[in-house]
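Me: Could you take one helix and look at it closely, describing what it packs against and what lies around it? I am new to this structure, so please explain the terms as you go.
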Amino acid sequence: MQQRVVCEVQVGEVSFPVHAITLGNPSLDVPAIGFFGGVHGLERIGAEVVLAFLRSLVMRLPWDGVLHRQLESLRLVFMPLVNPAGIARGTRANARGVDLMRNAPVEAAARVPFLIGGQRISAGLPWYRGEAGAPMEIESQALCRVVDDELLSRSFSLAVDCHSGFGLRDRIWFPHAHTAEPIAHLPELLALKRILDQTLTHHRYVLEPQSRQYLAHGDLWDHLYLRACEQPGRTFLPLTLEMGSWLWVKKNPRQLFSRHGIFNPLIEHRQQRVLRRHVGWLDFMARAACSHRRWVPLDEGLRGALRTQALAHWYGGAADV
Ligand SMILES: [Zn+2]
């Protein structure tokens, strides 16, 4: 297990390091998975879910032989606190007022919702993209470098980015965010949905393209996914977990009066339940990455059939809520 500082965010006198932690086989021949949290500083629970999973792996290292066998054929990378200044200040954006998830050079193909889809009016308003034509923020660049080095360098990789604050259900989003156009990897995603449904029975996740909820400019995962698609023979599936925080608010309406309360479970037993549930899903994802050859469809006929079913399921107007 190794850790390195991939960038330093300077805010006045204080310097915040952004860490990347890697474990498992460094060979480029094995698949990889990346876990990301704290892109939005206010959504602390996302960072806590990633840290809870990392902690459970570290605690298993001294005794768990099955984990060691998994690590021989898998690379894992963790970036639990992508936006440490935002976490320290309790803001969605970084210290310069930029929303990192609106910061990539990707333009939405159609109208985006006002403000929330990304805006260049002012860093004083939420969902600010940064100046047009400016380089990405250093935190965004650091995330892209880690994805380039550890994930896109391999023929198969997954990414999981943990967020909170959207609605009553726990959602798992895949690209695109910038267009309602379906991605090329629908067969893989339907195959992943099948093994998820079969393995974590009674799970409460809704797996869907982000574009089913809203379109946005500047999505980092769209940017990286499009880049991965330029390399033939590469499969990179980035997923965003959006934990449905309104459920926590509904059960404890006092949370509405706290800025943190809208995005994070404030009651300890609820926080523990949230961590337990999602750590189980992260472990499932690590196994799915490791064993991708057993579930990713390769046969062209099968891929075509899965694509047709996926289009009907996600783009045919069928309700899945
Ligand atoms: Zn978020």
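Reply: Helices (H or I, at least four residues) and strands (E, at least two) are DSSP runs, numbered from the N terminus. This is a predicted model, in which local features need pLDDT of at least 70 and side-chain atom pairs count only at pLDDT 80 or more, while totals for chains, interfaces and linings use all residues. Residues are numbered from 1 along each chain as its sequence is written, and side-chain values use heavy atoms, with hydrogens and water left out.

The helix I have chosen is H5, residues 186-199. Its axis and that of helix H8 (residues 268-290) come within 11 Å and cross at roughly 130 degrees (axes are lines fitted to C-alpha atoms, for helices over the stretch in contact, and angles run from 0 to 180 degrees between N-to-C directions). That angle makes H5 oblique to H8 (under 35 degrees counts as roughly parallel, over 145 as roughly antiparallel, 65 to 115 as roughly perpendicular and the rest as oblique). On the H5 side, Leu-192, Ile-195, Leu-196 and Thr-199 meet Trp-281, Phe-284, Met-285 and Ala-288 of H8, where contact means heavy atoms within 4.5 Å. Sorted by class, this contact has seven nonpolar residues, one polar residue and no charged ones (Ala, Val, Leu, Ile, Met, Phe, Trp, Tyr, Cys and Pro count as nonpolar, Asp, Glu, Lys and Arg as charged, and the others, Gly among them, as polar).

With helix H9 (residues 300-315), H5 has axes that come within 8 Å and cross at roughly 75 degrees, and the two are therefore roughly perpendicular to each other. The H5 residues in this contact include Leu-186, Pro-187, Glu-188 and Arg-194, and among their partners in H9 are Arg-303, Leu-306, Gln-309 and Trp-314. Here the residues divide into nine nonpolar, two polar and five charged.

The loop between strand S6 (170-174) and H5 holds His-176, which is joined to Pro-175 by a cis peptide bond with omega of about 10 degrees. Another backbone feature belongs to Leu-115, in the loop between helix H3 (84-89) and H4: this residue has a positive phi of about 65 degrees although it is not a glycine.

For the wider setting, there is also a zinc ion, whose protein donors are His-40 (ND1), Glu-43 through two OE entries, and His-163 (ND1), lying 2.1 to 2.5 Å from it (donors are N, O and S atoms within 2.8 Å of the metal, or 3.2 Å for Na, K and Ca; water is not among the atoms, so sites may look incomplete). Along the chain these donors follow the spacing H-x2-E-x119-H. His-40 lies in the loop between strand S3 (32-37) and helix H1 (44-60) and His-163 in strand S5 (residues 156-164), so the pair ties together parts that are 123 residues apart in sequence.
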